[in-house]
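Please open the structure in your viewer and keep the selection panel at hand. The stops below go from the whole chain to single residues.

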Amino acid sequence: MGNTTGISVMGVFCVDTKIIKIDMNSCDFDGKGKEDDRVVEALRDSLKEAGEIIREGGLVAFPTETVYGLGADAMNAEASARIYSAKGRPSDNPLIVHIADVEQVTQIAAEIPRSAQAVMERFWPGPLTIILKKRPEVPKGTTGGLDTVAIRMPSHPVARALIRESGRVIAAPSANTSGRPSPTKAVHVWEDMKGRIPMIIDGGTVGIGIESTILDMTEEAPVILRPGYITREMLEELLGPVTIDPAVAGRQMPVGIRAKAPGMKYRHYAPKGQLVLVEGPEKPVIEKINALTKEKEAQGCRVGVIATDETLPFYDADIRRSIGSRSHPETIAANLYDILRESDALELDYIYSESFFEEGLLDAVMNRMLKAAGYHLITL
Ligand code: TXA
Ligand code: MG
């Protein structure tokens, strides 16, 4: 397989990682597929090489509208195994299979219930993953040993162009080292994957910034296994009652319940320092975070504060960042992982953050933040 395999010596990978930069401004797309031909035209040579790597069983990192993915041929168990090895991912944590055209679902799913058909029509392409029963051809090395398979059709035109060019369906987890925040920029992928994979396609900063909603449609009633941009309300409008897996719903660490999405049980998105969330009315929250900052700084710790555009000036910490604006929740989702990664780079010991317990997209943000904080939440 030439130089695309990478040589692993005592766990050290050594491949030249090539970065292909795409000028997203030059491809004026709407994410609905109309402009796909123009994207393919602009990227023909780069995509050819990327498609070849995928067909040979190698790995390519690529942008999607949610986070960057680390892609391989989903029907090739050896290729999937390379994903687990590059990420250091536990082998019982299944991968999402990405498709470019709805017809590809039939290659992967054994049955497509009518309700699933309706969900695909309404929400694809887009940030929604559906779990269905798998066809026997899909290797268990891709599905973490399960008889079900996660399927998503991304709206990002580069993702779809890559899938089409490869002529395959592409298994892709988020392109981070296991346990680190998901990548929302190519530089995040570079930090985690350089020397481990042959190619990164750089499509700039992603639009949404948190991973897709996962909807289990293998049982009678649909269940959300991971909250995301497509909210319960949006799904219920189409499907009627939709439940949320209790393991991902609460504000407390789930005890005695096993998450239905194997990946949700791991301590994901974790910064190296201790993240502590503070919840309550604005003024007491600011006072509490300032008091905690003073206390920890007096002990010689490095402290950072995550605030919002509305509250940033009221914090005393030297290192303070706005995660976005409360009146624009999408900005908070978009900046979350970049801020968590920055807190690692700054070698912070403690990170105190405001909380965003609200319906919709911010609910998905809080799901990620609670996990990143190991459920350290101070309620005032
Ligand atoms: O937005 C996204 O979904 C991104 C982009 C790259 O598409 N991908 C992503 O993949 O977040 P990953 O591997 O980081 O997360 C996949 C989640 C894991 O929690 C995994 O356990 C769950 O999906 N999953 C995959 N297949 C499953 C299955 N058959 N049953 C239950 N959960 C499944
Ligand atoms: Mg992930």
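What follows is a tour in five stops through a predicted model.

**The whole protein.** Begin with everything selected and a cartoon drawn, in which you can follow 10 helices and 18 strands. The radius of gyration of the protein is 21 Å, close to the 21 Å that the globule rule gives for 380 residues, so the protein is as compact as a globular protein of that length. If you align the view to the principal axes, the C-alpha trace spans about 55 × 50 × 40 Å. Among contacts in the protein with a separation of 6 or more, 68% are made by residues 24 or more positions apart.

**Surface and charges.** Switch next to a surface representation, where the protein exposes about 16300 Å², with carbon and sulfur atoms supplying 50% of that area. Colouring by burial instead will show that 54% of the 380 residues count as buried. Then select the charged side chains, which comprise 44 positive and 53 negative charges, and note that the mean positions of these two sets are 4 Å apart.

**Helix 5.** Select residues 157-166, which make up helix 5, and ask how many of its 10 residues are buried. The helix is mostly covered, with 8 of the 10 counting as buried. Show the side chains of Pro157, Val158, Ala159, Arg160, Ala161, Leu162, Ile163 and Ser166 to see the buried residues of helix 5, and notice that Arg160 is listed with them. Extend the selection past the end of the helix to Gly167, which follows helix 5 and has a positive phi, near 70°.

**A loop glycine.** Move now to Gly57, which you will find in the loop between helix 1 (36-55) and strand 4 (60-62). Is Gly57 buried or exposed? Its relative accessible area is 0%, so Gly57 is buried. From there, draw a C-alpha to C-alpha distance to Asp316, and the viewer should report 51 Å for these two residues, which are 259 residues apart in sequence.

**The aromatic pair.** For the last stop, select the aromatic side chains, among which the count comes to 1 aromatic pair. Which residues form it? Tyr350 and Tyr352 do, in a stacked arrangement with 6.1 Å centre to centre and 5° between the planes. Keep both residues displayed and compare their accessibility, since Tyr350, at 23% relative accessibility, counts as partly exposed, whereas Tyr352, at 2%, counts as buried. The cut-off for buried is under 20% relative accessible area, so Tyr350 at 23% does not count as buried.

Notes:
Residues numbered from 1 in each chain as written. Chains lettered and ligands numbered in written order. Predicted model: local features only at pLDDT ≥ 70, side-chain atom pairs only at ≥ 80, totals over all residues. Heavy atoms only, no water. Helix = DSSP H or I, 4+ residues; strand = E, 2+ residues; numbered from the N terminus. Rg over C-alpha atoms; globule rule 2.2 N^0.38 Å. Buried < 20%, exposed > 50% of the residue type's maximum accessible area, 1.4 Å probe, protein only. Contact = heavy atoms within 4.5 Å. Areas by Shrake-Rupley, 256 points an atom, 1.4 Å probe, with all protein chains shown as cover. Lys, Arg positive; Asp, Glu negative; His and termini not counted. Charge placed at Lys NZ, Arg CZ, Asp CG, Glu CD. Phe/Tyr/Trp six-rings, centres within 6.5 Å; stacked < 30°, edge-to-face > 60°.
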